[in-house]
Amino acid sequence: METPTVLRKIVARKFEEIREREQKVNRDQLLQIIKDNNDTPRGFVNGMEQKVAQGHAAVIAEIKKASPSKGVIREDFYPGEIARSYARGGAACLSVLTDVDFFQGSNEYLQQVRLEVDLPVIRKDFIVDEYQVFEARAIGADCILLIVACLQPERLKALNELAMELGMDVLVEVHNAEELETALQLPNRLIGINNRNLHNFEVTLDTTFDLLQSIPDDRMVVTESGINTIDDIAAMRGHNVNAFLVGEAFMRADDPGHRLMEMFN
């Protein structure tokens with residue numbers, strides 16, 4: 001499995017970042033923070049399932065300032081305000097980018113968001129080490145993203161198990177059939193299919209459609225990237241895909257939550 005160039009670059013930076021952060025807050029200190037917080041994770045999967053059970057789309061609404069391929073997406077970026085807007089718009093869960101160097105994200109954004117709303121929150125980052133899993137729970141994440149493309153199967157399994165031990169849910173992200181095969185070895189309910197090709201950044205919804213037939217009915221498919229129109233949503237729901245992770249289409253709107261409501265209700 002060839003890791004895309006952009007991912008290799010990001011992952012290399014992640015290991016540097018972990019070393020830098022451990023100098024300030026080590027793993028034992030993170031564990032103490034988790035213990036002191038006495039904070040029970042909000043059920044991320046449960047929040048998604050409730051929406052679908054009610055006949056609605058389960059939307060993970062993303063709070064994202066920038067991306068490596070598009071640059072700054074939203075200039076007036078106030079995470080707490082955006083989170084409240086999404087809650088009003090009917091989001092099932094929220095996604096917060098915490099990567100600093102490539103997405104202009106921050107751990108503090110996730111902490112702000114979780115104080116503002118009661119919705120479950122996923123830490124959207126490139127998690128490659130146990131330190132980041134402890135850190136995710138310490139800052140209040142209810143779920144983490146694990147990207148199969150940047151993890152060996154053994155590491156993927158270990159990080160997944162640690163997250164679950166800490167009470168978090170895990171969204172496992174795949175881009176192709178080979179990665180899907182690896183993801184399905186895990187017991188996770190959520191399988192994220194990223195429609196963006198990380199080698200060339202092209203986006204096609206066919207990625208989700210092509211992989212669907214290989215996914216058992218007991219998994220919930222979350223389609224990611226490229227959901228921009230009501231027609232895109234209708235096409236997905238016509239294939240019984242009822243869970244969506246959407247960022248850019250909302251982030252470019254004046255009122256992200258209102259845009260969510262327009263697209264999904």
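In the predicted model, helix H7 is followed by Gly167, whose phi is positive, near 90 degrees. Helix H7 itself covers residues 153-165, and its 13 residues should span 18 Å at 1.5 Å a residue. The C-alpha atoms at the two ends of H7 are 18 Å apart, which agrees with that expectation.

The buried residues of H7 are Leu156, Leu159, Asn160, Leu162 and Ala163. Seen down the helix axis, these residues fall within an arc of 165 degrees, so they line one face of H7. Glu154 and Glu165, on the other side of the helix, are exposed. The cover over the buried residues of H7 includes two helices, H6 (130-138) and H8 (177-183), and two strands, E6 (143-147) and E7 (169-174).

Strand E6 contains Leu146. With a relative accessible area of 0%, Leu146 is buried, because buried residues are those under 20%. When neighbours within four places in sequence are left aside, the contacts of Leu146 include Leu156, Leu159 and Asn160, three residues that are also listed among the buried residues of H7. Leu146 is further in contact with Ile127, Leu151, Val170, Leu171, Val172 and Glu173. The C-alpha atom of Leu146 is separated by 9.6 Å from that of Ala183, and the two residues are 37 residues apart along the chain.

Strand E9 (residues 220-224) has 5 of its 5 residues buried, so this strand is largely enclosed by the rest of the structure. Met220, Val222 and Glu224 point one way from E9, while Val221 and Thr223 point the other way. Residues on both sides of the strand are buried.

E9 is paired with strand E8 (residues 190-194), to which it runs parallel, and 5 bridges join the two. Ile191 has Val221 of E9 as its bridge partner. Between E8 and E9 the chain passes through helix H9 (residues 206-212), and this β-α-β crossover is right-handed. Strand E10 (residues 243-246) also pairs with E9 in the parallel sense, over 3 bridges. Here Glu224 has Leu245 of E10 as its bridge partner. A right-handed β-α-β unit is made by E9, helix H10 (residues 230-238) and E10.

The loop between H10 and E10 holds Asn240. The phi of Asn240 is near 65 degrees, a positive value in a residue other than glycine. Most residues other than glycine have a negative phi. Asn240 counts as exposed, at 63% relative accessibility. Gln104 likewise is not a glycine and has a positive phi, of about 55 degrees. Gln104 is located in the loop between strand E4 (93-97) and helix H5 (107-116). The relative accessible area of Gln104 is 34%, and the residue is partly exposed.

The whole structure contains 5 aromatic pairs. In one of them, the ring centres of Phe250 and Phe264 are 6.3 Å apart and the ring planes stand at 70 degrees, so the pair is edge-to-face. Phe250 belongs to helix H11 (residues 248-251) and Phe264 to helix H12 (residues 256-264), so the pair ties together parts that are 14 residues apart in sequence. Phe250 is buried, with a relative accessible area of 0%. Phe264 also counts as buried, at 12% relative accessibility. Ring pairs link these two residues with Tyr86 and Phe244 into a cluster.

Lys70 lies in the loop between strand E2 (66-67) and strand E3 (71-72). With a relative accessible area of 40%, Lys70 is partly exposed. Apart from neighbours within four places in sequence, Lys70 is in contact with Glu248 and Arg252. Lys70 and Glu248 are 178 residues apart along the chain, and their C-alpha atoms are separated by 9.6 Å.

Technical notes: Residues numbered from 1 in each chain as written. Predicted model: local features only at pLDDT ≥ 70, side-chain atom pairs only at ≥ 80, totals over all residues. Heavy atoms only, no water. Buried < 20%, exposed > 50% of the residue type's maximum accessible area, 1.4 Å probe, protein only. Helix = DSSP H or I, 4+ residues; strand = E, 2+ residues; numbered from the N terminus. Pairing = 2+ DSSP bridges. Right-handed = clockwise from strand over helix to strand, strands pointing away. Expected span 1.5 Å × (residues − 1). Arc of directions from axis to C-beta. Contact = heavy atoms within 4.5 Å. Phe/Tyr/Trp six-rings, centres within 6.5 Å; stacked < 30°, edge-to-face > 60°.
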